[in-house]
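Colleague: I'm new to this one and would rather understand one piece well than skim everything. Please pick a single part and take me through it, then work outwards to its surroundings.

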Amino acid sequence: MTVYTDTFIPYEFKTKREAFDYVVERCHGLKKSLRFVEMDEEHLVVRCPIVADYLEITGTPEELNWLHAELTKREWYRIR
């Protein structure tokens with residue numbers, strides 16, 4: 001999985017768990033701090049207001065579905 005941020009340097013991860021941990025780390029461990037923006041078969045985009053950037057995550061559909069489900073289940077998304 002690859003995560004693109006506003007730094008223009010892609011972060012590549014070998015496992016989906018490493019990508020999940022990176023996204024959580026970007027939130028400084030504050031639950032309900034992510035905003036879900038959009039998801040399709042190739043991208044998952046979330047906004048992290050704490051660091052004022054968007055995270056565009058690419059991977060296989062299975063990896064993206066797993067990541068989205070984990071973020072939802074563990075309450076990282078803020079629901080309006």
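Modeller: A quick word on labels to start: helices and strands here are runs assigned by DSSP, with at least four residues for a helix and at least two for a strand, and they are numbered from the N terminus. Keep in mind that this is a predicted model. The part I've picked is helix H1, which covers residues 16–26.

First, where it belongs. The protein has two helices and five strands, and from the N terminus on they come in the order β-β-α-β-β-β-α. The five strands make an open sheet ordered E2-E1-E5-E4-E3, with antiparallel pairing. E2 and E3 are at the edges with a single partner strand each, so each has one side without a neighbour in the sheet. H1 lies across four of these strands, E1, E2, E4 and E5, and runs at about 175° to E5.

Now for the helix itself. Its buried residues are Ala19, Phe20, Tyr22, Val23, Val24 and Arg26. It helps to remember that an α-helix has 3.6 residues a turn, so residues three or four places apart point the same way. What do the buried residues of H1 pack against? Their partners are strands E1 (2–4), E2 (11–12), E4 (43–48) and E5 (53–58), together with helix H2 (61–73).

Phe20 is a good one to click on. With a relative accessible area of 5%, Phe20 falls under the 20% cut-off, so it counts as buried. Searching the whole structure turns up four aromatic pairs. In one of them, Phe20 meets Trp66 edge-to-face, at 6.2 Å centre to centre and with 70° between the planes. Phe20 sits in H1 and Trp66 in H2, so this pair ties together parts that are 46 residues apart in sequence. Tyr22, another of the buried residues of H1, belongs to a cluster, where ring pairs link it with Tyr11 and Phe13.

Compare Glu18, which is also in H1. Its relative accessibility is 36%, so Glu18 is classed as partly exposed. If you look for Met1, its C-alpha atom is 8.8 Å from that of Glu18, although the two residues are 17 apart along the chain.

Next, follow the chain out of the helix. Just after H1 comes His28, with a positive phi of about 55°. That catches the eye, because most residues other than glycine have a negative phi. Lys32, in the loop between H1 and E3, also has a positive phi, near 60°. Lys32 is partly exposed, at a relative accessible area of 45%. On the other side of the helix in sequence there is Phe8, placed in the loop between E1 and E2, with a positive phi near 65°. Phe8 has 77% relative accessibility, so it counts as exposed, while Phe20 is buried.

Now the sheet that H1 lies across. Strands of a sheet pair through backbone hydrogen bonds, either parallel or antiparallel. E1 and E5 run antiparallel and are joined by three bridges; look there for Val3, which stands opposite Ile57 in E5. Beyond the loop that holds Lys32, the chain enters E3, residues 35–39, which is joined to E4 by four bridges, again antiparallel. Arg35 has Arg47 in E4 as its bridge partner. E3 and E4 form a hairpin, and three residues lie between them.

Finally, zoom out to the whole chain. Of the 80 residues, 35% are buried. Among contacts with a separation of 6 or more, 45% are between residues 24 or more positions apart. The C-alpha trace spans about 25 × 25 × 20 Å along its principal axes. A compact globule of 80 residues would have a radius of gyration near 12 Å, and the 11 Å of this protein agrees with that. The protein exposes about 5,200 Å², and 51% of that comes from carbon and sulfur atoms.

If you want one picture to keep, take H1 lying across E1, E2, E4 and E5, with Phe20 paired edge-to-face with Trp66.

Notes
Residues are numbered from 1 along each chain as its sequence is written. This is a predicted model: local features need pLDDT of at least 70, side-chain atom pairs count only at pLDDT 80 or more; totals for chains, interfaces and linings use all residues. Side-chain values use heavy atoms; hydrogens and water are left out. Buried means under 20% relative accessible area, exposed over 50%, partly exposed in between (1.4 Å probe, protein chains only). Contact means heavy atoms within 4.5 Å. Two strands pair if DSSP finds at least two bridges between them. Rings of Phe, Tyr and Trp (its six-membered ring) pair if their centres lie within 6.5 Å; planes under 30 degrees apart count as stacked, over 60 as edge-to-face and the rest as tilted. Axes are lines fitted to C-alpha atoms, for helices over the stretch in contact, and angles run from 0 to 180 degrees between N-to-C directions. The radius of gyration is taken over C-alpha atoms; the globule rule is 2.2 Å times the number of residues to the power 0.38. Accessible areas come from the Shrake-Rupley method with a 1.4 Å probe; for residues, only the protein chains shown count as cover.
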